[in-house]
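Subject: Structure for your review

Dear colleague,

Please find below the structure that I am handing over to you. My findings follow directly after it.

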Amino acid sequence: LRRSIMSAQEQQQAQPPMPAASEAAELDAANGYEAVVPHWFYCKVTDSRERWLPFSTQDSERLEEAHGSGRDKEDLVVPTSGGRYDVHLKKRQRVAVYWEEEVSEVRRCTWFYKGDKDNKYIPYSETFSEELEEAYMIAVTLDEWKKKLESPSREVIILHNPKLMVHYHPVATSDDWGSTPTEQGRPRTVKRGVENIAAEIPNGEPLQIDHLVFVVHGIGPACDIRFRSIIQCVNDFRNVSLSMLQAHFKKAQEQQQIGRVEFLPVNWHSSLHSTGVDVDLERITLPSINRLRHFINDTILDVFFYNSSTYCQTIVDTVASEMNRLHQLFLQRNPLFKGGVSIAGHSLGSLILFDLLTNQKAAPEEDEHSEEGSRITSSNRGIEEVKEMLKKLELSEYCDVFEKEKMDRQALFLCTEKNLKEMGIPLGPRMKILHYISSKMEMQVCLLHGLCSSRSHRIALRQGPAFTTYDQPANYPQLNYKPTIFFAFGSPIGMFLTVRGVKRINPNYSLPTCKGFFNIFHPFDPVAYRIEPMIVPDLEFEPMLLPHHKGRKRMHLELKEGLTRMSVDLKNNLLGSLRVAWQSFTRAPLPAVEGASTEAEAEAEAGAEKQPETKPEETPAAVKEEASLINVGRLNGGNRIDYVLQEKPIESFNEYLFALQGHLCYWESEDTVLLVLKEIYQTQGITLDQPLPGSQ
């Protein structure tokens with residue numbers, strides 16, 4: 001099977017030849033007949049409704065090329081849709097590569113008829129399309145129309161002329177009244193060729209992939225207001241990214257510096273609810289308000305599952321293993337891929353990823369071929385750490401004993417009093433070492449898992465996993481790669497850290513294996529919380545405002561700021577004028593008017609000097625520049641972390657009405673996608689065609 005798969009690199013090098021139908025058209029031009037150009041479609045079933053969707057032009061050409069080569073008799077597999085789906089030509093099936101999905105039927109389409117319900121055109125079967133094409137060719141060549149064909153299901157098609165072809169459905173199985181088949185049912189339009197049915201054919205995707213992003217969903221199986229799955233939402237996110245690349249990275253595309261970014265969904269909800277917990281919940285769920293209770297069991301309870309030690313382990317194992325599996329499969333199918341990998345999480349998914357990243361090893365093995373050397377280096381480093389610890393405890397004379405036993409930091413933290421006694425360590429030094437181990441384990445459990453110590457009020461997150469025998473929420477698995485950037489959409493990370501007892505994040509803390517972290521949220525999102533105030537608690541400042549993807553602030557926000565600035569100016573000018581007028585009236589005699597006016601001007605000038613202190617709105621650019629220069633620590637490499645979207649004009653009328661929409665808006669948000677692309681390509685030295693105003 002692997003031999004028959006056409007790799008993306010082979011597709012990139014291969015020049016698709018002219019379709020066989022075009023060659024036939026040239027031969028038949030003298031007779032006035034031109035062979036139809038086929039286009040490939042696949043059938044998508046949604047809620048028991050079938051929809052036939054066209055492949056992109058480049059995918060259809062690849063499929064037609066493989067079909068024309070005669071190799072469709074074999075089990076030939078052609079990658080389509082950017083390599084996310086494989087088409088098995090012999091079986092005429094479209095199969096998802098990276099996730100579970102129903103297999104779709106594939107057709108080589110030339111003739112179509114209009115359906116009943118949504119007026120969408122439906123392709124005929126390939127066999128019947130060949131019969132129609134043969135009848136059409138004879139009619140055109142001999143100029144003999146009024147051709148009548150009957151399909152195997154007794155459906156009648158009449159070719160009146162090249163522009164009028166009609167399809168009749170039978171309304172009954174018998175003609176009791178002696179009516180002819182053409183009089184039965186409502187006639188439907190028949191079209192020949194995809195160019196005559198106004199189908200929206202996708203543009204296709206660049207074959208070159210520059211970066212890979214895994215996207216983890218939040219609570220429940222539905223990810224947006226239309227109750228769509230994570231697969232459908234990530235499809236939207238990917239489509240928006242392609243349009244943003246064309247709009248804002250056009251120069252880099254023309255110079256062939258970039259291709260595209262691939263986004264792959266990571267689903268953990270189905271694995272969690274396949275453990276049998278739904279059956280247990282069903283037994284204890286009350287029968288009243290059934291739909292609401294079912295919704296709560298399927299969505300809201302995911303938060304409680306994650307706070308459970310049993311199901312938390314299931315969730316983190318599923319997320320980590322799924323991302324590792326997808327990464328390995330992606331590399332197998334794209335062996336020339338040299339780009340980086342980033343991760344993104346929505347809602348609870350961002351918290352899962354944050355916990356995974358905080359528990360990654362700070363120095364994982366870079367190369368599997370040097371794994372042994374890395375292990376030796378890590379072990380030596382651990383032994384040196386133990387020696388330093390013994391020096392701090394004034395127990396340097398026992399360094400040789402620990403080195404002889406190859407005792408590194410991890411092994412030391414697993415030691416019991418019995419182990420130390422067997423090593424020949426006296427009682428006094430044993431007590432010192434055990435006290436040191438217990439205090440360090442308590443601190444690490446507190447820092448890494450949010451179990452707040454009663455003696456600590458300023459908790460600084462630390463790097464590296466905790467080697468402890470205490471009952472931890474989960475044993476966090478390791479990822480097979482180092483993520484470049486971590487994007488959090490509508491994230492409750494800040495709230496969960498606070499609930500766990502974390503008062504402050506150390507400014508020197510950074511994720512062990514990921515140097516980039518962006519917290520992106522909608523201003524009305526009820527689930528989203530900020531991160532920066534936990535790093536800089538003594539300073540009040542606004543999050544970074546995400547610039548609009550069209551290069552300016554939304555008009556209603558500009559109008560709002562303008563009116564605010566105008567009202568402040570009018571207020572201050574009015575007060576200044578009234579003050580001058582009042583002072584001029586209260587001054588005595590006429591000869592002193594000149595001196596009074598001079599004093600009044602001086603006071604007005606003094607008031608004007610004090611004015612900037614009371615109206616900071618007059619210098620928004622300076623305030624924004626100062627806010628962008630705030631030091632928010634190393635969590636995002638010294639750059640800002642919190643980014644807020646601009647609400648739409650209609651959303652500003654009622655914050656509560658659009659709160660739910662605010663939490664589910666990220667999948668189709670051009671501003672969010674553009675920030676993700678900008679930060680990803682910035683790591684490769686590629687910038688936007690024109691910098692957006694207000695961007696960092």
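In this predicted model, helices H5 and H23 are roughly perpendicular to each other, because their packing angle of about 65° falls in the range of 65 to 115 degrees that counts as such. H5 covers residues 230-248 and H23 covers residues 670-682, and their axes lie 9 Å apart. The crossing of the two helices is right-handed.

On the H5 side, the contact is made by Phe237, Val240, Ser241, Met244, Leu245 and His248. On the H23 side, these residues meet Glu670, Thr672, Val673, Leu674, Val676, Leu677 and Tyr681. By class, the residues of this contact comprise 9 nonpolar, 3 polar and 1 charged.

H23 also takes part in a second arrangement, as it lies across strands E13, E14, E15, E16, E17 and E19 (642-644). Its direction is at about 170° to that of E16. These strands belong to an open sheet of 7 strands with parallel pairing, in the order E14-E13-E15-E16-E17-E19-E18. The edges of this sheet are formed by E14 (260-266) and E18 (544-545); each has a single partner strand, so one side of each is left without a neighbour in the sheet.

Within the sheet, E16 (residues 485-489) and E17 (residues 516-521) run parallel and are joined by 5 bridges. Ile485 stands opposite Gly516 of E17. Helix H10 (residues 309-333) packs on this sheet as well, where it touches E13 (209-216), E14 and E15 (340-346). The direction of H10 makes about 160° with that of E13.

The model also contains an open sheet of 6 strands with antiparallel pairing, ordered E2-E1-E6-E5-E4-E3. Here E2 (49-54) and E3 (77-80) are the edge strands; each pairs with a single strand, so one side of each has no neighbour in the sheet. From one strand to the next, the twist averages 30°.

In this antiparallel sheet, 6 bridges connect E1 (residues 39-46) with E2, and Tyr42 stands opposite Leu53 in E2. Helix H3 (residues 57-68) lies across E1, E3, E4 (85-88) and E6 (104-109). H3 runs at about 170° to E3.

With kind regards

Methods
Residues are numbered from 1 along each chain as its sequence is written. This is a predicted model: local features need pLDDT of at least 70, side-chain atom pairs count only at pLDDT 80 or more; totals for chains, interfaces and linings use all residues. Side-chain values use heavy atoms; hydrogens and water are left out. Axes are lines fitted to C-alpha atoms, for helices over the stretch in contact, and angles run from 0 to 180 degrees between N-to-C directions. Helices (H or I, at least four residues) and strands (E, at least two) are DSSP runs, numbered from the N terminus. Angles under 35 degrees count as roughly parallel, over 145 as roughly antiparallel, 65 to 115 as roughly perpendicular and the rest as oblique. A crossing is left-handed if the near helix is turned anticlockwise from the far one by less than a right angle, and right-handed if clockwise. Contact means heavy atoms within 4.5 Å. Ala, Val, Leu, Ile, Met, Phe, Trp, Tyr, Cys and Pro count as nonpolar, Asp, Glu, Lys and Arg as charged, and the others, Gly among them, as polar. Two strands pair if DSSP finds at least two bridges between them.
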